[in-house]
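Dear colleague,

Please find below the structure that I am handing over to you, together with its sequence. My notes on what was found in it follow directly after.

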Amino acid sequence: MKICLVSNLYPAIVEGGAEIYVGRLARALAEDHQVVVVTSEPGFHLAPRREVTPEGIVIYRLAPLNVAPKTHLPQQLLAQAAFRAFDLYHPQVAGAMSDITKREQPDLVHVHNWKGLSLAAVLSSVPSSAPHIPVAMTLHDYGLLCTYASVRHPDGHTCGPDFTCRLLTKLNRRLVNRVGLVIGPSHYVLDHHLQRGFFRQATQQILPYGLESPPSPSGGWQGGGLKPTFDVLFLGRIERNSGIDTLVAAFRRLPDPSFRLHVAGSGPAFEAGGALARGDDRIRFYGPVGDKLRRALMENADCLAQPSLWPDNYPVSIQEAFQSGPVVIASRIGGIPEMVRDGVNGLLVEPGDERGIAAAIERLRTSPELAAKLRASALETARLYDMRFHVAHLVDAYQRLLVTNRLRPFDQRAA
């Protein structure tokens with residue numbers, strides 16, 4: 001089978017969990033299938049840049065002209081609306097996607113994130129160049145139905161939906177009629193789209209992200225004996241909705257000098273978060289981190305904090321923490337409670353609850369027995385995310401999509 005994965009970002013350009021997952025998925029699929037990736041990169045050039053990885057994955061990197069950086073959407077509503085309008089149909093992307101599908105002739109196209117690539121351009125180019133190619137889509141956020149893709153706008157209010165979001169929803173509902181298979185990593189994200197009228201004709205499947213086998217240890221605590229610090233890690237995109245302000249404020253409630261807070265990642269709230277931490281030498285903001293430092297931070301951490309204020313879908317960082325050892329403290333919101341069972345494999349707090357986060361951190365530090373119990377249960381949970389299991393179920397869904405797509409002309413004639 002030849003599979004075309006479309007993702008606006010792809011390693012080595014990484015900002016969130018979606019592109020980390022797509023990179024892992026491409027490598028896993030490439031063991032038994034041909035894989036083509038369409039993605040973007042900074043800058044501007046008319047023709048896609050083609051490369052082939054050692055695993056045989058063919059990557060097309062597009063750099064289309066756009067009105068905003070691909071990794072940072074403007075936060076003002078009018079600027080956001082202008083970006084979305086320009087992104088709705090991008091002729092340069094449409095032409096490139098059409099050329100790629102003609103050249104590569106994939107059996108199916110699997111769309112992931114499309115910010116900066118233009119969903120309409122991606123979807124419309126597939127039937128025009130090859131009408132027989134079916135389309136699958138994985139929902140990583142709420143970009144189909146919310147202008148900010150988070151159902152929580154930067155001023156803190158929950159999308160009603162607002163007028164611009166209602167308009168976006170109406171346009172995208174018609175657009176994704178082309179999608180024959182929709183995948184939700186969590187029940188929450190898929191149900192939210194179904195409630196807004198999406199994917200009524202598509203096959204629906206819940207499939208959590210897959211995890212590769214754990215890498216060998218690469219630099220965590222190696223001093224022997226008791227660790228002199230208690231290390232809290234935040235790993236992900238740094239924006240208001242990620243709850244980074246709440247986490248810093250919660251951490252500063254803990255006066256113990258042995259506590260450390262490590263914040264790894266980038267995003268529009270990076271500078272603001274750093275300003276809140278100013279004057280506390282126990283807090284360090286790293287910015288973007290590569291794979292080696294990412295693993296070292298995870299292995300050294302005593303707990304991972306995921307203080308999301310938006311209904312987060314299925315954070316990859318939580319899966320990695322389950323696998324690597326830090327105990328998870330996370331918000332009870334979105335798809336997170338489908339991963340974290342409070343008191344079983346982690347601890348849940350209410351979104352925005354500074355006192356609750358601080359109390360959970362202190363509870364883990366003073367109760368190593370509880371931490372050990374949660375860590376052991378989390379490791380068992382991580383085994384459920386095995387990438388081989390994930391790929392087997394995904395390929396099965398692909399094959400059913402191909403069969404359904406081949407039978408559709410006969411169903412139409414019978415009708």
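Phe199 is buried, because its relative accessibility of 5% falls under the 20% limit for that class. The residue sits in the loop that runs between helix H6 (187-195) and strand S8 (203-206). Its phi is near 60°, a positive value in a residue other than glycine. Please bear in mind, here and throughout, that the model is predicted.

Ala149 is another residue other than glycine with a positive phi, near 65°. Its place is in the loop between strand S6 (135-138) and helix H5. Ala149 has a relative accessible area of 11% and is therefore buried.

The peptide bonds deserve a separate remark. The bond from Gly160 to Pro161 is cis, with omega near 5°. Pro161 lies in the loop between S6 and H5, which is also where Ala149 is placed. A cis peptide bond also joins Pro11 and Ala12, with omega of about 15°. Here the setting is the loop between strand S1 (2-6) and helix H1 (17-29), where Ala12 is located.

Strand S1 itself contains Ile3. With a relative accessibility of 0%, Ile3 counts as buried. Its C-alpha lies 6.3 Å from that of Gln34, although the two residues are 31 apart in sequence.

I turn next to the charged side chains. In general, side chains of opposite charge can pair when their charged atoms come close. How many salt bridges does the structure hold? The count is 22. Several of them may be of interest to you:

- Asp256 and Arg365 meet through their side chains in a salt bridge, at 3.5 Å from N to O. Asp256 belongs to the loop between helix H7 (244-251) and strand S10 (259-264), whereas Arg365 belongs to helix H11 (residues 354-366), so this pair ties together parts that are 109 residues apart in sequence. Asp256 is partly exposed, at 22% relative accessible area, and Arg365 is partly exposed as well, at 31%.
- Arg294 and Glu320 form a salt bridge with an N to O distance of 2.6 Å. This pair links distant parts of the chain, with Arg294 in helix H9 (residues 291-300) and Glu320 in helix H10 (residues 316-324), 26 residues apart. Are these two partners buried or exposed? Both Arg294 and Glu320 are buried.
- Glu41, Arg49, Glu51 and Arg61 are joined into one network by salt bridges that share partners.
- Glu239 and Arg237 also meet side chain to side chain in a salt bridge, at 3.3 Å from N to O.

As to internal space, there are 2 cavities of 30 Å³ or more. The second largest cavity encloses about 40 Å³. Which residues line the second largest cavity? The lining is made up of His45, Leu46, Ala47, Pro48, Leu62, Ala63, Pro64, Gln92, Val93 and Ala96. At least two residues of this lining come from each of strand S3 (45-52), strand S4 (58-63) and helix H3 (91-104). The most is given by S3, with 4 residues. In character, the lining of the second largest cavity divides into 8 nonpolar residues and 2 polar ones, with no charged residue.

On the surface, a nonpolar patch is formed by Leu88, Tyr89, Phe163, Leu167 and Leu171. Together these residues have about 490 Å² of accessible area. Which helix supplies the largest share of the nonpolar patch? That share, 3 residues, comes from helix H5 (residues 163-175). Leu167 is found in H5, and its relative accessibility is 44%, which means that Leu167 counts as partly exposed.

When you open the model, you may wish to view the loop between S6 and H5 together with the patch, since Pro161 lies in that loop and H5 gives the patch its largest share. The buried pair Arg294 and Glu320 and the partly exposed pair of Asp256 and Arg365 could likewise be viewed side by side.

With kind regards

Key
Residues are numbered from 1 along each chain as its sequence is written. This is a predicted model: local features need pLDDT of at least 70, side-chain atom pairs count only at pLDDT 80 or more; totals for chains, interfaces and linings use all residues. Side-chain values use heavy atoms; hydrogens and water are left out. Patches are made of residues with over 30% relative accessible area and no salt bridge: like charges are joined within 9 Å, nonpolar side chains (Val, Leu, Ile, Met, Phe, Trp, Tyr) within 5 Å. Accessible areas come from the Shrake-Rupley method with a 1.4 Å probe; for residues, only the protein chains shown count as cover. A salt bridge is a side-chain nitrogen of Lys or Arg within 4 Å of a carboxyl oxygen of Asp or Glu. Buried means under 20% relative accessible area, exposed over 50%, partly exposed in between (1.4 Å probe, protein chains only). On a 1 Å grid over the protein atoms alone, a cavity is a set of points where a 1.4 Å probe fits but cannot get out, and a pocket is an open set with protein on both sides within 12 Å along at least five of seven lines; lining residues have an atom within 4 Å of a point. Grid points are joined across faces, edges and corners, and a volume is the space filled by probe spheres set on the points. Ala, Val, Leu, Ile, Met, Phe, Trp, Tyr, Cys and Pro count as nonpolar, Asp, Glu, Lys and Arg as charged, and the others, Gly among them, as polar.
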